[in-house]
Amino acid sequence: TQQNKYREAIEEINKPELVDFCSQNSILEAEREYFLGMISKNYESDKLLSPLVYFEKAYDLIKDESVTELTWKVLYEISQLYVERGNYTKAKRFVVYARELIYFIAEKLESPQLRAAYLKYTERLETLKKLESFYPG
């Protein structure tokens with residue numbers, strides 16, 4: 001079942017070897033926190049904190065690093081949680097930044113075909129639509 005998969009994911013992501021390996025690199029540690037946030041968002045467990053705790057920790061780990069796909073994904077998740085809580089003031093900063101990062105990454109692609117494909121990729125396209133629905137740009 002889906003519940004068993006989440007339980008298994010929690011066990012795997014908390015294995016000491018993985019925790020130790022990820023702690024040696026801020027990007028890997030941020031990825032781990034992001035995945036914990038995604039699990040926590042979709043599965044309730046006394047072994048998990050609030051999803052926002054994980055996403056904010058992931059953001060803290062990568063905010064001073066080079067921009068990656070993970071950066072906008074984390075920002076999007078934070079913005080979505082703030083919108084769900086009705087905290088639109090806090091959400092707006094993350095909405096705007098996530099949207100800007102997606103376009104920033106796209107602009108770095110020199111080929112117009114690649115740029116178009118990047119922006120039309122389902123995950124990014126859906127994210128941009130949702131961000132637009134939170135705060136029209």
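What share of the contacts in the protein chain with a separation of 6 or more comes from residues 24 or more positions apart? The share is 57%. Keep that in mind as you look through these views of a predicted model.

**View 1. The protein chain is built from 8 helices and 0 strands.** Reading from the N terminus, you will meet the elements in the order α-α-α-α-α-α-α-α. The radius of gyration is 16 Å, close to the 14 Å that the globule rule gives for 137 residues, so the chain is as compact as a globular protein of that length. Along its principal axes, the C-alpha trace spans about 45 × 35 × 30 Å.

**View 2. The largest nonpolar core brings together 29 residues.** Look for V74, I78, L131 and F134, the residues with the most contacts inside this core. Two or more residues come from each of α3 (26-42), α4 (51-62), α5 (69-84), α6 (88-107) and α8 (122-134). Helix α5 gives the largest share, 9 residues.

**View 3. Here we zoom in on I78 and its contacts.** Setting aside neighbours within four places in sequence, I78 touches L52, F55, E56, Y59 and F94. Apart from the largest core lies another one, of 8 residues, including I13, I39, L48 and Y54.

**View 4. Now we turn to the surface and the charges of the protein chain.** The chain exposes about 8,500 Å², and carbon and sulfur atoms supply 52% of that area. Buried residues, in turn, make up 38% of the 137 residues. You can also find 20 positive and 23 negative side chains, with the centres of the two sets 5 Å apart.

Key: Residues are numbered from 1 along each chain as its sequence is written. This is a predicted model: local features need pLDDT of at least 70, side-chain atom pairs count only at pLDDT 80 or more; totals for chains, interfaces and linings use all residues. Side-chain values use heavy atoms; hydrogens and water are left out. A nonpolar core is a set of buried Ala, Val, Leu, Ile, Met, Phe, Trp, Tyr and Cys residues joined through side-chain atoms within 4.5 Å. Buried means under 20% relative accessible area, exposed over 50%, partly exposed in between (1.4 Å probe, protein chains only). Helices (H or I, at least four residues) and strands (E, at least two) are DSSP runs, numbered from the N terminus. Contact means heavy atoms within 4.5 Å. The radius of gyration is taken over C-alpha atoms; the globule rule is 2.2 Å times the number of residues to the power 0.38. Accessible areas come from the Shrake-Rupley method with a 1.4 Å probe; for residues, only the protein chains shown count as cover. Lys and Arg count as positive and Asp and Glu as negative; His and the chain ends are not counted. The place of a charge is taken as NZ of Lys, CZ of Arg, CG of Asp or CD of Glu.
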